[in-house]
Structure formats: structure tokens, C-alpha cells
Amino acid sequence: MKKMIGNIAVGQSGGPTAVINASVVGIYQAAKEMGAGRVYGMVHGIQGFLERNLILLEDYLETGSGRELLKRTPSAFLGTCRYKLPEIHGNEVVYERIFEVMEEYDIEAFFYIGGNDSMDTVKMLSDYAAEHGKKERFIGIPKTVDNDLPVTDHCPGYGSAAKYIATSLKEVIRDVQSTGLSKPTVLIVEIMGRHAGWLAAAAALAKGGDCDGADAVYLPERVFDPDACIDHIRAAAQKKNTVVIVVSEGIRLADGRFVCELSGSADSVDVFGHKQLSGCALVLADMVSGATGFKTRAIELSTLQRSAAHMASLTDVEEAVLAGSYGVKAAAEGHTGVMTVLKRLQDQPYLCAVDIHDIHMIANREKPVPDEWITEDGRGLTEEFLRYARPLIMGELQPLYIDGLPGHLVRKEIIS
Ligand code: F6P
């Protein structure tokens, strides 16, 4: 491997995951093995970088235990941001500031761990560098529980969230099935994932020899019809006393409105124009109890599903490390304006390789669940989806317990 000379900077951006920090470890280790100088961490991504808010990762990761702890720490250790770089032309001053910081700290390569929107930052910076003859390299490292980045087979962060979702679903199904009920109970579980149903689809993994799984899984890839859903619940309640419905936070009505908007809770919009989607389980629970008189309970897994490092998938952790380290290799070889991608070679036994791909084919694009992986009635997932998802949740990384709780590595200023 070619030696990387000089310093590098690492940033985290967008919604965090249980394994986003494992990619920081992968980048750090590979950079050090290649003889890089200092490894700077951007506090709150590009926003912090613009303010010269940098820390030295050496202060935390020079010991093996620091790295092992960080691999098991959920959420973005460095702090994340949702920040959209402006168009290059007409806004050169922002870019000049970024490159000033790059020069001041002698940063040769910039690694950005994030999803679709964060890859826009990598694209803009690598485009600016190319236009202005700058030598610095910009590499994207994939991360998103939403699993909706194109080109890559899957995204680090997804497998762990999927494992948590399927586990939690099994557990709440156990709970609801345990009570001797006089009237049917309907459990409605809301899963994140924005406009793509990958995360909600992971609920299908709960079904097995010891669990009936959900009675329906509704994804945003299909129009949601509340009346048809209520009819389905009524029919299911004829045969059993508990009905379990999984909904993606992004399900929409035929007129294009998000179901969660019916509660008036989707008003907040981020800089990328994404509405905050939350509350559709509650909306639906009200509709169902109003229409049927059944007892309903709404559960929103919310941020629990993306921060459950205590039950991360080992496959996911290892791939997050690999995505980071391969990005460093790519930068050392002179690549820029690329993201590392995972390429599945086979399902059984699972084999996955790593490569790089042009960022322009990735940034700002969303990959939905393929239509053919959704059952014809629009309420479930096919065996093909299960074959795809199963390997991603395999294996466990035991937390490092401190006083009976999983230990985490945190930046010094975070704790008093
Ligand atoms: O993109 C990851 C994600 O967790 C989405 O699934 C979700 O809609 C969004 O982030 C929530 O963002 P925030 O935590 O900023 O409200």
C-alpha cells in the first residue's frame, strides 16, 4: 500500500447509527498503518470544520481499549450535523474558508461518514477541488439506518438497526400475546426510514419458529389505504386476539400526504427539505380504535432503533470498520470524489467485497425497496428480501460493561 503522508480529517453527518463510530475506528487504524500524520475529528461535521472545531483522535484512540470502546459506542462520537453546502458558483467564500482550514491543518484527505445528503458534501467539495486544481481528496463513507444509498448493496448501520427492530418486535409480540384478553388488542409499531421502507421491512425478520411476526408491514413504497388496513385488522381479529401492524414513518395516503401529517406533527423541515416524520402509529391507532372499538397501542421505536449498540450486528460493525479503512486506501491511491461501496458476492455463506464508486451517482439519490420484494397485497416482504437481510444481522459484539451497563467512549467536553 502506498504511504499516506500528511494529516487527514474525519467527519460524521446526518442521523447517527449504532456503528457509525466503527467507521471512525476503521479510518483511524488504516491511516495510522499507512503512516498518516495527525487524524483530526470534525466536531459536528462540516459545520464544525468551518469553525475550526477539530479534535485530535490520537487523544482518544491511541490505546486498543479506546478503539474497542468506540466501536461499541452508538451515535456520532464526533457529533453530527445536517448542513447543506451552497451551490459552488456565487458562494465561493464558503469553499475558500473550508480550503483555508484544510491548508492551515495540512489536511490531505477528508473523510465524511454519512448518507445521501452527506454525500452531497463530498460531491460539492470534490467538484470544487477539481475546478480549482486543489490536490486534497474527498472520500465518502456510507452510513445510514435507512439503507437507501444507491450502488452499495447495503449501508453500514442498517444491519444493527434491523437486528434491533426484529428483536424488539419479537419481544413486544411476546408481551401482547401473553395477556388473556376479553377484546382484541392491536399493536401498531412505527419504524424510521424516511421515504424508503428498508427499516420497516426488517420487521419481517421477526417471524420464525417461535414468533408469528407482524400481521402486516406497510412500506412507503406503496400508497397506504387506511380503510383497507382497518379491514385487514378486522379480518385478522376474527381469528386471533392480538393483531400486530408495522408501519414505516414515511407511509403516505393516495393524495401524497404523509399519514403522520394528519396529526399535524410533521411541520419541521430540515435544510435538505425533509419533513420530520413521526407519529403515524398514533394516528393509525386512533383511527383503528375509532373504527373498531378494539384496544390499541402505538409504539414508536424512534431513536432507540438507531442507537442500540448493545445489540449491534457483528457483521455490520465489521463492515463499518472495513468501509472506513477501504476509504483510506482509496485516498492513499489518489482517488477523490468517491464513496466506498459494499458488493455482495453471495448470500449463503454470505460474502461481501468492498470497492469505490463515483459520488455523482450516489449523492442526493434514494434507493427504494425493490417492488418485487414487496408481496402483491402490499402488506409483506418476499423470501428474496429475507435472503438479502438475514446475513446483515448476524453475529454479536459483546458490550464492554461498566457498573452493569455498556460502556461508551465520549468526547471530553460532553461529560462534566
Ligand atoms: O436518516 C436517518 C433517520 O434516522 C431517518 O430514518 C429519520 O427519518 C431521520 O433520520 C430523523 O432525523 P432526526 O433525528 O434529525 O429527526
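The following dialogue examines how terms applied to this predicted model follow from its computed values.

Student: Why is Arg194 called buried?

Tutor: The relative accessible area of Arg194 is 17%. Buried means under 20%, so Arg194 is given that term.

Student: Where does Arg194 lie, and what is its phi?

Tutor: Arg194 is found in the loop between strand S6 (185-191) and helix H8 (198-201). Its phi is positive, about 55°, although Arg194 is not a glycine.

Student: Asp106 also has a phi near 55°. Why is Asp106 called partly exposed?

Tutor: Asp106 has a relative accessible area of 44%. Partly exposed covers the values between under 20% and over 50%, so the term applies to Asp106. Asp106 is placed in the loop between helix H5 (92-104) and strand S4 (107-114).

Student: Which residues are around the ligand?

Tutor: They are Arg82, Val145, Asp146, Met192, Gly193, Arg194, Glu249 and Arg306.

Student: What makes the approach of Glu249 to the ligand a polar contact?

Tutor: An N or O atom in the side chain of Glu249 is 2.5 Å from an oxygen atom of the ligand. The cut-off for a pair of N or O atoms is within 3.5 Å, so this pair qualifies. Two further distances can be set against that cut-off: a polar side-chain atom of Arg82 lies 2.9 Å from a ligand oxygen, and a backbone N or O atom of Gly193 lies 3.1 Å from a ligand oxygen. The ligand on its own has 400 Å² of accessible area, of which the protein covers 79%.

Student: How do you know that Cys155 is in no disulfide?

Tutor: The closest cysteine sulfur to that of Cys155 belongs to Cys352, 11 Å away. A disulfide needs the sulfur atoms within 2.5 Å, so the separation is too far for a bond. Cys229 is likewise in no disulfide, with the nearest cysteine sulfur, that of Cys280, 10 Å away. A search of the whole structure finds 0 disulfides.

Student: Are these two cysteines buried or exposed?

Tutor: Cys155 has a relative accessible area of 0%, and Cys229 has 1%. Buried is under 20%, so Cys155 is buried and Cys229 is buried.

Student: What makes the pairing of Gln12 with Asn21 a polar contact?

Tutor: The side chains of Gln12 and Asn21 are joined at 2.9 Å, and the limit is within 3.5 Å. The side chain of Gln12 also reaches the backbone oxygen of Ile20 at 3.5 Å. Gln12 lies in strand S1 (residues 7-12), whereas Ile20 is in helix H1 (residues 20-33). Gln12 counts as buried because its relative accessibility is 0%; Ile20 counts as buried at 2%.

Student: Why is the pair Lys329 and Glu333 called a salt bridge?

Tutor: The closest N and O atoms of Lys329 and Glu333 are 3.0 Å apart. The cut-off between a side-chain nitrogen of Lys or Arg and a carboxyl oxygen of Asp or Glu is within 4 Å, so the pair meets it. The structure holds 22 salt bridges.

Student: How do you know that Arg234 and Asp231 also form one, and where do they lie?

Tutor: Their side chains meet at 3.7 Å, N to O, which is within 4 Å. Both residues lie in helix H9 (residues 226-239), 3 residues apart, about one turn of the helix.

Student: What makes the salt bridge of Asp355 with Lys343 a tie between parts of the chain?

Tutor: The closest N and O atoms of Asp355 and Lys343 are 3.2 Å apart. Asp355 is in strand S11 and Lys343 in strand S10, so the pair ties together parts that are 12 residues apart in sequence. Salt bridges that share partners also join Arg52, Glu100 and Glu104 into one network.

Student: Which peptide bond is cis in the loop between strands S10 (338-347) and S11 (350-358)?

Tutor: The bond from Gln348 to Pro349 is cis, with omega near -5°. Pro349 is in that loop.

Student: What makes Val410 eligible for a nonpolar surface patch?

Tutor: Val410 has 32% relative accessibility, and patch residues need over 30%. Val410, Ile414 and Ile415 form the patch, with about 270 Å² of accessible area together.

Methods: Residues are numbered from 1 along each chain as its sequence is written. This is a predicted model: local features need pLDDT of at least 70, side-chain atom pairs count only at pLDDT 80 or more; totals for chains, interfaces and linings use all residues. Side-chain values use heavy atoms; hydrogens and water are left out. Helices (H or I, at least four residues) and strands (E, at least two) are DSSP runs, numbered from the N terminus. Buried means under 20% relative accessible area, exposed over 50%, partly exposed in between (1.4 Å probe, protein chains only). Patches are made of residues with over 30% relative accessible area and no salt bridge: like charges are joined within 9 Å, nonpolar side chains (Val, Leu, Ile, Met, Phe, Trp, Tyr) within 5 Å. Accessible areas come from the Shrake-Rupley method with a 1.4 Å probe; for residues, only the protein chains shown count as cover. A residue is near a molecule or strand if one of its heavy atoms lies within 4 Å of it. A polar contact is a pair of N or O atoms within 3.5 Å; within protein, one must be able to donate a hydrogen and the other to accept it, and residues adjacent in sequence count only if both atoms are side-chain atoms.
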